[in-house]
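I opened my notebook to jot down a few things I wanted to look up here. The entries are short and follow the order in which I checked them.

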2 protein chains.
Amino acid sequence: MGILGPVNMREIARRAGVSCATVSRVLSGSSLVREDTAKKVRDVVSEAGFIPNPSAAMLKYGRSRTYGLVLPDLQNPFFGEFVGAFEDLLIDIDHEVLPISVQTSDKLVKSVRRMLMRQVDGAVLVSSEFDTGAVEPLLLRQIPLVTVDRRTVQIGCSDVSIDYELGFVEAVQHLKTLGHKRIGYIGGTKGPHTSEVRANAFEQAIRGAGLTFYPGLTRRGNYQVTGGEAAVVSLMKTSAPPTAIITANDLTALGAALGIHRLGLVVPRDLSIVGVDDLFLSEVVQPPLTTIRIPRKRLATACLQAMNYTKQNLERIGAEFSVPTQLIVRESTARPKSAPKKKSKR
Amino acid sequence: MGILGPVNMREIARRAGVSCATVSRVLSGSSLVREDTAKKVRDVVSEAGFIPNPSAAMLKYGRSRTYGLVLPDLQNPFFGEFVGAFEDLLIDIDHEVLPISVQTSDKLVKSVRRMLMRQVDGAVLVSSEFDTGAVEPLLLRQIPLVTVDRRTVQIGCSDVSIDYELGFVEAVQHLKTLGHKRIGYIGGTKGPHTSEVRANAFEQAIRGAGLTFYPGLTRRGNYQVTGGEAAVVSLMKTSAPPTAIITANDLTALGAALGIHRLGLVVPRDLSIVGVDDLFLSEVVQPPLTTIRIPRKRLATACLQAMNYTKQNLERIGAEFSVPTQLIVRESTARPKSAPKKKSKR
DNA sequence: CTGTTAGCGCCTTCAG
DNA sequence: CTGAAGGCGCTAACAG
């Protein structure tokens, strides 16, 4: 079974009575080794519990078999779930993921440094700000880049966009069918481009459905519970509050639901709420949240695809990929209470 | 600024007109370099954006500056939060964390292999099953180990126990004060030792408070929402259901709350619920969950402490550390509805 | 088919 | 104070 201390290849070679090269060949599955020799080597390897040192290989090849994954906030369960999905994909190709959470305070610069240290073979930047200066070192070193929802490509950098437009249209249609006319929106923070993308998708969906877009029913959140709560309170205090809102993500929606509750109101009777993400907790809360699902697996797959494309076309402009979203109707949306009354003017 | 392709030390040395050794000395802060030479080198280093390749250093030293962190389930937000806390600690000492989720299906063996590959300097096993055979290779290679809630130590392996006893006593006291007498429990899966620890802590707390321990009001969950829901339904169908329950973790508690809701009942009117963990979502759900908080930072700190102890006493039996818990009272617990009626026999 | 050799980038003696 | 040289473990040429 096991052994004491780290065993190296030379030691394995010695025990098997062959040279390191032969051991290396056996391990890499080369067919240029006689079967009985190979078997002998394999026996020694497994008997010693030998595991090759990847640092050595990396030193030789300059490839680390790991991809950096820059996320805005690992506290948000969505990103945790996404990391898991991405990791599963990488395991199949024997790679690793280096997840890096770029909190508000630290700069992207530091995470870039960390990736450079770990010699990542590529980096995926999810919904984060794209500070050209900060990622410069990556580009200069020819490290393939993939952004999510930046909706811009450049040499050595592809983009995967999440099709919010699709989900928002479905959501607005859903609300319209229920009878909502005054639909509000609680967005994300100012920095990341995805905030604008989501806000625009909302406005377009509203107009596309033939409804009125009320700028006064729009608020900025922070992608967290706190932001959703504060925004919904502000929204409900207006003279003509919305009967339904869509939020930039589920955490914001959960915050909004909390705010409504604290106001002594109830969801969906007093306000219908639609989130974005579909956290696995969203179907567990009361009421279960109607939300626009971002499919993690498809997103992860698209990122990997984009990565491969970029890698193979490093000299060229990156490609654009897209991932669909899907409305999941649960119980946080219902017919507006006020609407019928207003209509039936008796 | 940046440069093209990976730059190595020799190149820096060349540009600065010195040798690699001098560059190395400057980078490691050796004082044996003339200040003007050092400055010259530092300028070239920062101008080239040079970052030393840790693989080379690792190859030399055999230390990877990373710790493995084996968790039962990264889907559970508690572990995500814990990884973050542990990582923060490691950043300060310039180390990294390799988080590994050991799902039900895969075996611990595989994760051990992954850690061996990455040449971790140590491993923390959180609330997982401790298969002696599987971790043997770690022990044999003299890799310091820390377990959480295994409550056993051995050569080269320390333990950090979470003081559930404390939290459960507080929780039972809280429920007793509210007037509860029939308190049930929904536990964890059979494998990990922590399940027994939590179950025993519950039973002792009940008896310690002078209440009756009803084995019939005990169920097994799976640390997930589904388990909590199924268990609570089963519990409420008994002829004499509990008026309050304590669950093995917050996810289970959330599941229980969901189950109660589906049964057409309401928390805490029909059943008071106490969780364990204090997920950041637990204060956001309706009703906010009363729960026994496991402080992540303190747990992470204790793990690191334990790791350092083990490392410095590899030949000796590990030490035992403990982390306290704390009851957080919110709104999922209240006076039982039935109790007063039963008492006032009129 | 198998062994020998050189070198990946860094650090650390040992000389100068 | 600074330079030259060797070696960490592995692999890919190149010999045999």
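**Entry 1: Arg262(B).** I started with Arg262(B), and I found this residue in helix α11 of chain B, which covers residues 250–262. The model is a predicted one, so I'm keeping that in mind for every value below. Next question: is Arg262(B) buried or exposed? Its relative accessibility is 53%, and exposed means over 50%, so Arg262(B) counts as exposed. I then looked for a partner and found Glu229(B): the two side chains make a polar contact at 3.0 Å. I also checked Gly179(B), which is 83 residues from Arg262(B) in sequence and 25 Å away in space, going C-alpha to C-alpha.

**Entry 2: DNA strand D.** On to the DNA. How many residues are around DNA strand D? I got 24, and the ones that come nearest are Met9(A), Tyr61(A), Thr22(B), Arg34(B) and Thr37(B). I wondered which part of the strand the protein sits by. Of the strand D atoms within 4 Å of the protein, 70% belong to sugar or phosphate, and the rest belong to bases.

Then I went through some phosphate contacts on strand D. Met9(A) has a backbone N or O atom 2.4 Å from a phosphate oxygen. Asn53(A) also uses a backbone N or O atom, at 3.0 Å from a phosphate oxygen. With Asn8(A), it's an N or O atom of the side chain, 3.1 Å from a phosphate oxygen. Which elements give two or more residues to this surface? They are α2 (20–27) and α4 (54–61) of chain A, plus α2 (20–27) and α4 (54–61) of chain B. The largest share, four residues, comes from α2(A). By class I noted twelve nonpolar, seven polar and five charged residues.

**Entry 3: DNA strand C.** Now the other strand on my list. DNA strand C is surrounded by 22 residues, and the closest are Thr22(A), Arg34(A), Thr37(A), Met9(B) and Tyr61(B). Sugar or phosphate makes up 68% of the strand C atoms within 4 Å of the protein, with bases as the rest.

I looked up contacts here too. A polar backbone atom of Ser19(A) is 3.0 Å from a phosphate oxygen of strand C. Arg25(A) reaches a base instead: a side-chain N or O atom is 2.8 Å from a base nitrogen. Ala56(B) has a backbone N or O atom 3.4 Å from a base nitrogen of strand C. The elements giving two or more residues to this surface are α2 and α4 of chain A and α2 and α4 of chain B. My last tally for strand C was eleven nonpolar, seven polar and four charged residues.

Technical notes. Residues numbered from 1 in each chain as written. Chains lettered and ligands numbered in written order. Predicted model: local features only at pLDDT ≥ 70, side-chain atom pairs only at ≥ 80, totals over all residues. Heavy atoms only, no water. Near = heavy atom within 4 Å. Polar contact = N/O pair within 3.5 Å; in protein donor to acceptor, adjacent residues only side chain to side chain. Nonpolar A, V, L, I, M, F, W, Y, C, P; charged D, E, K, R; others polar. Buried < 20%, exposed > 50% of the residue type's maximum accessible area, 1.4 Å probe, protein only.
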